[in-house]
Structure formats: C-alpha cells, structure tokens
Amino acid sequence: MIRTQRLAAGVCALLAALTAGIAFPAGAAADETEPAAPKVELVLDVSGSMRANDMDGGSRMAAAKQAFNEVLDATPEEVQLGIRTLGANYRGNDRKTGCKDTAQLYPVSKLNRTEAKTAVATLTPTGWTPIGPALLKAAGDLNGGDGTRRIVLISDGEDTCQPLDPCEVAREIAAKGIGLTIDTLGLVPDAKTRAQLSCIADATGGTYTDVRHKEELSDRVGELVDRAADPVVTPVATEGTDRCEAAPALKSGLYTDREEFGQQRWYKVDVKPGQELRASVSVADDRAVSPNYGVLLRAVTVHGREIVRGEAAGTGRTDAVSTGLRYPKQESNDDEAAAETVCLQVTQSFSAAAGVKTTPGLPLELTVDVVDGPSGHHDVAAFGLGRGWWLLGALVLTGFVAGLLWGWVSRWRIAVWRTN
C-alpha cells in the first residue's frame with residue numbers, strides 16, 4: 001500500500017513538472033537569453049604613406065601589424081572582432097577607383113586568432129585613403145544586434161576622397177541612433193590629420209589619440225577592444241527646459257540632451273534628508289567653435305537660492321569641457337521629512353565659428369547620482385584631519401614625552417661630566 005502511494009505521488013510530481021514546463025516555456029526561454037555579444041571592427045589605413053619609417057625605426061605598417069597581432073592574442077572571448085582595410089588593393093592613379101578601395105579583411109565574428117593573424121600578415125602599403133567610404137562600409141559590417149558596437153580607425157593621413165567628408169559620414173552614422181562609437185588613432189599625424197580624426201571621433205562620442213610609438217599603438221588599440229566588453233550604460237534622452245518649474249524630474253542615471261549655443265538648460269532632482277546629490281555635466285564641441293569657452297553647473301533651490309556650483313573653462317585645446325558638484329542634505333529628526341527639490345542649471349558659453357551651423361545644439365551629457373550621505377558628525381573631518389586627528393595627538397604627546405626624557409638624560413650626562 002505504501003509503495004503504491006509513493007508511486008502515485010511520484011507520478012503526480014512528474015506530471016506537475018511536465019505541466020509547468022509546458023505552461024511556462026516563454027519564461028524558461030527568457031531566463032536562457034544571453035546578452036548580445038559586443039562587436040568591434042578595426043579599420044586600418046594601408047595607403048602608400050604607411051611605408052614611412054618613423055615609428056621607432058620601423059615603418060608605420062610594421063608597427064600596425066605588431067599591434068594587431070598583440071591585440072588579437074588578448075581579445076576577450078566574448079568580443080566579436082573584424083578587420084577592414086582601406087587603400088590596400090588598388091595601386092593605380094584613377095581617383096574614382098581608388099576611392100572604392102576598401103575591403104573586409106576578416107569578418108566580424110567569433111575570433112579565430114590564427115586566421116586573423118594570417119590575413120594581417122598579407123597586408124602591404126598600397127594606394128589611396130578612402131576613410132569616408134570605409135566608415136560607411138564598417139557601419140554596415142556592424143549593423144544588427146543590441147550589443148556594444150565600436151569602430152577603431154587607425155590612419156596616418158587625411159581622407160583623399162573628398163567631397164565625401166569623413167566627418168560628415170561620422171555625423172550621419174551618429175544621427176541614425178544605432179549606438180555605434182568610432183575611436184580614432186593618428187600615426188605621427190600632422191595638424192590637418194589630427195583635426196579630421198578628432199572630428200570623426202567627436203561626432204560619435206569616441207576618442208582620438210596621437211600615436212608616435214609602437215608600444216603606444218598596441219596599448220591603445222588593446223584598451224579600446226577591451227572597453228567594448230565592459231558593461232555599457234545606455235544614456236537616456238531627455239529635454240531640459242528654460243526654467244526650473246517646468247524642468248524634467250530626473251533620478252540617478254545618465255542622460256543626454258542638446259543645448260543651443262549660449263543657452264541654458266534646467267533639470268530637477270529630489271534629494272531626501274541624509275542623502276547626497278552628485279552631478280556632473282560634459283558639453284562636447286562637435287563642430288568648429290571659437291576658442292575660450294566654459295560650462296557652469298549650478299544646484300539651486302526652487303526659490304532661486306544657489307546651493308553650490310561647479311565650473312570649468314577651455315581654450316580650444318580639448319574636445320569637451322566638464323564639471324561637477326556635490327550637495328549633501330543634512331539628516332532630519334523627522335522620519336517623514338519631505339524630499340527637497342534641487343534645480344540643476346547647465347549653462348555653456350560656446351560660440352560657433354564663422355559659417356558654422358548653430359543647429360542642432362551641442363551634445364550634452366548629464367550624470368545624476370543620489371546616494372546615502374555621511375552617516376553622522378563623527379565622519380566629518382575635524383580641522384581637515386578626519387580620524388587622523390587622534391594619530392596626530394598621539395604623535396604630539398609622544399614627541400613631548402620624548403623631549404622631556406632627552407632633556408633629563410642630557411642634564412644628567414652634563415652633571416656627570418662636570419663631576420668627573
């Protein structure tokens with residue numbers, strides 16, 4: 001009887017498990033969903049100028065090959081990596097044909113290090129510098145999926161295929177809203193090359209780096225590939241207003257907006273007693289601007305009284321200007337005390353260079369973080385020393401006692417010397 005009951009119970013349990021599996025297949029499938037793999041494409045300039053021997057006694061091409069081999073060895077397993085070339089195949093003088101010379105050397109996929117290295121070893125500096133067409137093709141190579149997508153462009157010269165301006169191409173890619181970042185590296189660049197590569201990077205929120213040594217190239221490309229594997233916080237688009245009352249209420253997070261030249265934007269954040277507001281803002285010059293500019297971030301009460309501010313200035317040497325502030329709100333004895341609404345005002349003093357469009361506004365990135373503040377007065381620094389005050393007191397006391405002992409010993413030795 002007992003065996004019969006146990007058998008019946010087992011059959012019931014099995015049926016229940018099967019029923020659950022049939023009833024909730026979508027949930028099970030959702031649990032097994034993996035995040036999209038990050039994708040990176042290295043875009044390498046293989047034009048004739050890469051023959052120049054000014055990278056630690058070797059050619060620029062040799063330095064690029066060494067960097068690629070080291071990066072391929074260190075690429076994280078979860079990263080899908082591809083390689084595209086520009087100027088690698090056409091040796092002639094026909095501009096129209098030379099400006100189509102871009103090809104995918106290794107497809108964006110799970111990396112086979114041996115195959116990728118073998119492909120890189122075949123490269124020889126050859127032809128033109130069609131940066132714009134190469135970027136358009138690279139964006140297509142990375143199309144699809146929700147994971148991080150990054151292009152790393154390595155070049156030693158300006159695009160030779162105008163009027164397809166590579167900076168405008170980068171802006172078009174950014175305007176599509178596909179979350180693709182372009183980082184650029186200039187090999188022993190001149191001023192024009194530096195300006196063009198910086199503009200490409202700025203347009204998509206990427207970075208530009210001057211490279212003059214082999215080790216710098218390997219290290220920087222490796223950092224950018226590794227960065228693709230890092231967790232990404234997707235900025236939330238918001239729209240500030242011209243006054244605090246109508247401003248959007250923000251919580252902790254990363255936000256993007258556009259701000260017209262010389263204008264200001266307002267946002268609101270609620271801060272409870274015992275919490276601390278930490279905010280920072282960056283404004284990028286994604287087009288030619290006049291030198292000498294600045295950005296101001298103010299925390300203001302709803303009545304217009306300034307609480308704290310952060311400010312920074314630039315002189316045209318940087319791609320963006322950033323500043324931040326912190327506002328700790330004191331704890332309250334009232335457990336039900338209401339949160340304080342803090343108004344954040346962002347003002348920038350950029351001005352467009354002659355002939356440059358002023359719309360849309362400049363890209364603005366705002367970080368808001370509301371965290372628990374200091375736990376009490378015992379955490380507050382005393383005379384700027386914090387808990388080191390006790391150590392200083394102990395050292396002073398020790399020094400005083402040591403001085404007394406040394407004085408007594410010295411007097412005793414002198415008395416003994418006089419006696420003898």
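# Disulfides, helix contacts and a sheet

Student: With the bonded cysteines numbered in sequence order, what is the pairing?
Tutor: The model is predicted. The structure holds 3 disulfides. Number their cysteines along the protein, and the pairing reads 1-2, 3-4, 5-6.

Student: How many residues apart are Cys99 and Cys161?
Tutor: These two cysteines form a disulfide, with sulfur atoms 2.0 Å apart. Cys99 sits in the loop between α4 and β3, and Cys161 in the loop between β4 and α7. The link thus joins distant parts of the chain, and the separation is 62 residues.

Student: Is the link of Cys99 and Cys161 left-handed or right-handed?
Tutor: Look at the angle about the S-S bond. Here it is -100 degrees. That makes the link of Cys99 and Cys161 left-handed.

Student: Is Cys161 buried or exposed?
Tutor: Buried means under 20% relative accessible area. Its partner Cys99 has 12%, so Cys99 is buried. Cys161 has 5% relative accessibility, so Cys161 also counts as buried.

Student: Which helices hold Cys167 and Cys199?
Tutor: Cys167 and Cys199 form a disulfide, with sulfur atoms 1.6 Å apart. The torsion about their S-S bond is about -45 degrees, so this disulfide is left-handed. The pair ties together parts that are 32 residues apart in sequence, because Cys167 lies in α7 and Cys199 in α8.

Student: Are α7 and α8 roughly parallel or roughly antiparallel?
Tutor: The axes of α7 and α8 come within 8 Å. They cross at roughly 5 degrees. Angles under 35 degrees count as roughly parallel. Therefore α7 and α8 are roughly parallel.

Student: How many residues of the contact of α7 with α8 are nonpolar?
Tutor: From α7 come Pro166, Cys167, Ala170, Arg171 and Ala174. From α8 come Gln196, Cys199, Ile200 and Ala203. Of these residues, 1 is polar and 1 is charged, and the number of nonpolar ones is 7.

Student: Which strand holds Cys343?
Tutor: A disulfide joins Cys244 to Cys343, with S to S at 1.8 Å. Its torsion is about -65 degrees, so the disulfide is left-handed. Cys244 lies in the loop between β7 and β8. Cys343 is 99 residues apart from Cys244, in strand β15.

Student: What is the relative accessibility of Cys343?
Tutor: Start with Cys244, which counts as buried because its relative accessibility is 9%. Cys343 also counts as buried, because its relative accessibility is 1%.

Student: Are α3 and α5 roughly parallel or roughly antiparallel?
Tutor: The axes of α3 and α5 come within 10 Å and cross at roughly 175 degrees. Over 145 degrees counts as roughly antiparallel. Therefore α3 and α5 are roughly antiparallel.

Student: How many charged residues are in the contact of α3 with α5?
Tutor: On the α3 side stand Lys65, Phe68, Asn69, Leu72, Asp73 and Ala74. On the α5 side stand Arg113, Ala116, Lys117, Val120 and Ala121. The classes are 6 nonpolar and 1 polar, with the charged count at 4.

Student: Which strands stand at the edges of the open sheet of 5 strands?
Tutor: The order is β7-β9-β16-β11-β14, with mixed pairing. An edge strand here has a single partner strand, so one side of it is left without a neighbour in the sheet. The edge strands are β7 and β14.

Student: How many bridges join β11 to β14?
Tutor: β11 and β14 run antiparallel. Leu277 stands opposite Tyr327 in β14. The number of bridges joining β11 to β14 is 9.

Student: Which residue in β16 stands opposite Val283?
Tutor: β11 and β16 pair in the antiparallel sense over 9 bridges. Opposite Val283, in β16, stands Leu364.

Student: Which side chains of β14 point to one face and are buried?
Tutor: In a regular strand the side chains alternate between the two faces of the sheet. Along β14, Ala320, Ser322, Gly324, Arg326 and Pro328 point to one face and are not buried. Pointing to the other face, and buried, are Val321, Thr323, Leu325 and Tyr327.

Student: What share of the residues of the protein count as buried?
Tutor: The protein has 10 helices and 16 strands. Of its 420 residues, the share that count as buried is 39%.

Notes
Residues are numbered from 1 along each chain as its sequence is written. This is a predicted model: local features need pLDDT of at least 70, side-chain atom pairs count only at pLDDT 80 or more; totals for chains, interfaces and linings use all residues. Side-chain values use heavy atoms; hydrogens and water are left out. Axes are lines fitted to C-alpha atoms, for helices over the stretch in contact, and angles run from 0 to 180 degrees between N-to-C directions. Helices (H or I, at least four residues) and strands (E, at least two) are DSSP runs, numbered from the N terminus. Angles under 35 degrees count as roughly parallel, over 145 as roughly antiparallel, 65 to 115 as roughly perpendicular and the rest as oblique. Contact means heavy atoms within 4.5 Å. Ala, Val, Leu, Ile, Met, Phe, Trp, Tyr, Cys and Pro count as nonpolar, Asp, Glu, Lys and Arg as charged, and the others, Gly among them, as polar. A disulfide is a pair of cysteine sulfur atoms within 2.5 Å. Buried means under 20% relative accessible area, exposed over 50%, partly exposed in between (1.4 Å probe, protein chains only). Two strands pair if DSSP finds at least two bridges between them.
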